[in-house]
Amino acid sequence: ALNEMTAELAKSTYMLQKVIDTAPIRVFWKDRNLNYLGCNPAFARDAGKQAPSELIGRDDFAMGWAAQAESYRADDRQVMDSGQPRLDYEEPQTTPDNRTIWLRTAKTPLRDVEGNVFGVLGIYDDITQQNEVEAELEQAASVFQHANEGIIITDPKGSVLDVNAAFTRITGYHREEMLGQNPRILKSGWHDPVFYAGMWQTLQAQGGWTGEIWNRRKNGDVYAEMLTISAVCDPEGRVQRYVALFSDISAQKAHQRQLEHIAYHDPLTCLPNLVLLTDRLHQALAQVQR
C-alpha cells in the first residue's frame with residue numbers, strides 16, 4: 001500500500017511539474033527570504049538561464065532584471081505579509097539583452113498545511129507586443145478622429161461602419177445618423193448614372209478611384225469635394241472594407257470661378273472684355289475703311 005501511494009504521489013508530482021513546465025506563461029515561486037524555490041523553463045529563459053535549476057536559491061538581484069529587483073521584492077513582501085493575492089497588474093522588466101518589456105503579473109501567497117505563509121507564487125505573461133498593437137490602434141484612432149479630411153468606412157456592400165469628426169463638420173451628418181446608411185445619401189443629383197457607373201468600374205478594376213464630385217450637405221447645400229476611395233482587401237484579395245477620404249474644395253472652386261471671371265470680364269462693367277475688344281476693333285476698322 002505504501003509503494004502504491006508513493007507511486008501515485010510520484011505520478012501526481014510528475015504531472016504537476018509537466019503542466020507547469022509546458023504552460024505558455026511564466027511561473028515561479030519563492031521562499032520567505034525571497035529566494036527562488038523553482039520556476040518553469042519559460043521563466044528561466046527570461047532570466048537568461050538554461051534551466052530552472054540555475055535559479056534555485058538565488059534572488060532577483062542575480063537576474064537580468066536587477067534594475068527592477070527591489071520593486072519585485074516589495075510586491076512579494078506585500079503579498080506575503082497581507083496574505084492577499086495581487087492580481088492582473090502591469091510592470092516593466094529589463095531583459096538580459098537590455099530591452100524593456102512589459103509584463104502582466106499576478107502573485108499569491110503560498111501556505112503550508114497549517115495555513116502559514118511560507119512563500120509567494122507568481123505568474124506573468126509578456127504583453128509587450130499586445131501593448132504595441134494597442135498603441136498603434138490608439139494612434140490610428142487618433143489620426144482618424146483628428147484628420148482634417150472627412151473619412152468614411154463602409155463594409156463591402158456599402159453600409160457605413162464609421163465616420164470621423166471632419167465628416168460631420170463638412171456634411172452636417174452626425175456619426176449616429178450615418179451608421180448603417182449608404183454614402184449615396186450624400187448624392188447631389190448633379191451627376192448622371194454614367195458617372196457613378198464609371199466610378200464603380202474603376203474602383204472594382206483598380207482598387208481605388210480619385211476625382212472631383214459634387215455632393216449635398218444635410219442642410220441641402222451642394223458642395224464640391226476631392227474624393228479618394230480605396231478598397232481594403234484580405235490576403236486572399238477579398239474586399240473587406242471601403243475607405244473614402246475627401247476634402248471640401250468649394251472655396252477653391254469659387255476662387256477658380258472668380259479668376260476665370262477676372263480673366264474674361266471687365267472688373268468694372270463685368271462685360272466680356274476679350275469678346276468686347278474684338279467686336280469694337282472690328283467696328284473701328286470698318287469705319288476707317290469707309
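## Cavity lining

The lining of the largest cavity is made up of seven nonpolar, two polar and four charged residues. This composition belongs to a predicted model. In total 13 residues line the largest cavity, and those nearest its centre are Phe28, Phe43, Tyr72, Glu91 and Tyr124. Three elements each give two or more residues to this lining: β1 (26–31), β3 (86–94) and β4 (100–111). Of these, β4 supplies the largest share, with three residues.

The space in the largest cavity comes to about 90 Å³. How many cavities of 30 Å³ or more does the structure hold? The count is one. Empty space of this kind is found by rolling a probe the size of a water molecule over the atoms.

## Lys107 in strand β4

Lys107 is a residue of strand β4. Is Lys107 buried or exposed? Its relative accessibility is 3%, and because buried means under 20%, Lys107 counts as buried.

Beyond its neighbours within four places in sequence, Lys107 is in contact with several residues that precede it in numbering: Phe28, Tyr72, Asp75, Asp76, Val79, Pro85, Arg86, Leu87 and Tyr89 are among them. The contacts of Lys107 also include Val120, Leu121 and Gly122. Two of the contact residues, Phe28 and Tyr72, are also among the residues nearest the centre of the largest cavity. Tyr124, another residue listed as nearest that centre, has its C-alpha atom 8.6 Å from that of Lys107, at a separation of 17 residues along the chain.

## Helix α4

Helix α4 covers residues 128–146, which is 19 residues. From the first C-alpha to the last, α4 reaches 27 Å, close to the 27 Å expected at 1.5 Å a residue.

Which residues of α4 are buried? They are Thr128, Asn131 and Phe144. Residues three or four places apart on an α-helix point the same way, because there are 3.6 residues a turn. The cover over the buried residues of α4 includes the strands β3, β4, β5 (117–126), β6 (150–154) and β7 (160–163). Strands β3 and β4 thus appear both in this cover and among the elements that line the largest cavity.

## The β8–β9 hairpin

Strands β8 (residues 208–216) and β9 (residues 222–233) run antiparallel and are joined by nine bridges. Within this pairing, Thr210 stands opposite Thr228 of β9.

The two strands form a hairpin, with five residues between β8 and β9. What is the sign of phi at Gly220 in the turn, positive or negative? Gly220 has a positive phi, of about 100 degrees.

Terms used: Residues numbered from 1 in each chain as written. Predicted model: local features only at pLDDT ≥ 70, side-chain atom pairs only at ≥ 80, totals over all residues. Heavy atoms only, no water. Pairing = 2+ DSSP bridges. Helix = DSSP H or I, 4+ residues; strand = E, 2+ residues; numbered from the N terminus. 1 Å grid on protein atoms, 1.4 Å probe; cavity = no way out; pocket = protein on both sides within 12 Å on 5 of 7 lines; lining within 4 Å. Points joined across faces, edges and corners; volume = space filled by probe spheres on them. Nonpolar A, V, L, I, M, F, W, Y, C, P; charged D, E, K, R; others polar. Expected span 1.5 Å × (residues − 1). Buried < 20%, exposed > 50% of the residue type's maximum accessible area, 1.4 Å probe, protein only. Contact = heavy atoms within 4.5 Å.
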